[in-house]
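Good morning, colleagues. Please look at the sequence and the structure on the screen while I take you through them.

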Amino acid sequence: MEELKTQLKQQIIDALNLEDITPADIDNEAPLFGEGLGLDSIDALEIILVLERHHGIHISNPAEARPIFKSINALAEFVAANRK
């Protein structure tokens with residue numbers, strides 16, 4: 001699971017072009033949106049594309065993604081349970 005979390009962090013960094021941030025800089029419990037990483041709704045769409053491209057997970061309703069995108073821990077649990 002730790003490897004998946006690190007992989008997700010790197011995929012988010014790459015997809016969002018987050019310069020000067022490493023996977024180690026992202027707290028697994030920190031919120032991805034608002035405080036914490038400070039992502040916005042456009043970033044959420046990019047993360048949805050990451051999930052589709054790298055993990056075969058399709059999220060058709062972005063509103064359903066809110067609890068999934070709560071933190072890296074929540075995202076990793078969702079990916080582990082749903083990837084193809």
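I shall speak first of the overall fold, then of one helix pair, and finally of the largest pocket.

Please bear in mind that this is a predicted model. Its secondary structure amounts to 4 helices and 0 strands, and along the sequence the pattern reads α-α-α-α. The radius of gyration is 11 Å, close to the 12 Å that the globule rule gives for 84 residues, so the protein is as compact as a globular protein of that length. Taken along the principal axes, the C-alpha atoms fill a box of roughly 30 × 25 × 20 Å.

I turn now to the helix pair. How do α1 and α4 pack? Helix α1 covers residues 2–16 and helix α4 covers residues 72–82; their axes lie 9 Å apart, at an angle of about 110°. Angles of 65 to 115 degrees count as roughly perpendicular, and α1 and α4 are therefore roughly perpendicular to each other. On the α1 side, the residues in contact are L4, K5, L8, K9 and I12. They meet I72, N73, L75, A76, V79 and A80 of α4. By class, this contact has 8 nonpolar, 1 polar and 2 charged residues.

That brings me to the largest pocket. Which residues line it? The lining consists of F33, S41, A44, L45, P62, A63, A65, R66 and F69, and the pocket holds about 210 Å³ of space. Two elements give two or more residues to this lining, namely α2 (41–55) and α3 (65–68). The largest share, 3 residues, comes from α2. Divided by class, the lining residues are 7 nonpolar, 1 polar and 1 charged.

To close, I would return to the 4 helices of this predicted model and to the roughly perpendicular pair, α1 and α4. Thank you for your attention.

Key:
Residues numbered from 1 in each chain as written. Predicted model: local features only at pLDDT ≥ 70, side-chain atom pairs only at ≥ 80, totals over all residues. Heavy atoms only, no water. Axes fitted to C-alpha atoms, helices over the stretch in contact; angles between N-to-C directions. Parallel < 35°, antiparallel > 145°, perpendicular 65-115°, else oblique. Contact = heavy atoms within 4.5 Å. Nonpolar A, V, L, I, M, F, W, Y, C, P; charged D, E, K, R; others polar. 1 Å grid on protein atoms, 1.4 Å probe; cavity = no way out; pocket = protein on both sides within 12 Å on 5 of 7 lines; lining within 4 Å. Points joined across faces, edges and corners; volume = space filled by probe spheres on them. Rg over C-alpha atoms; globule rule 2.2 N^0.38 Å.
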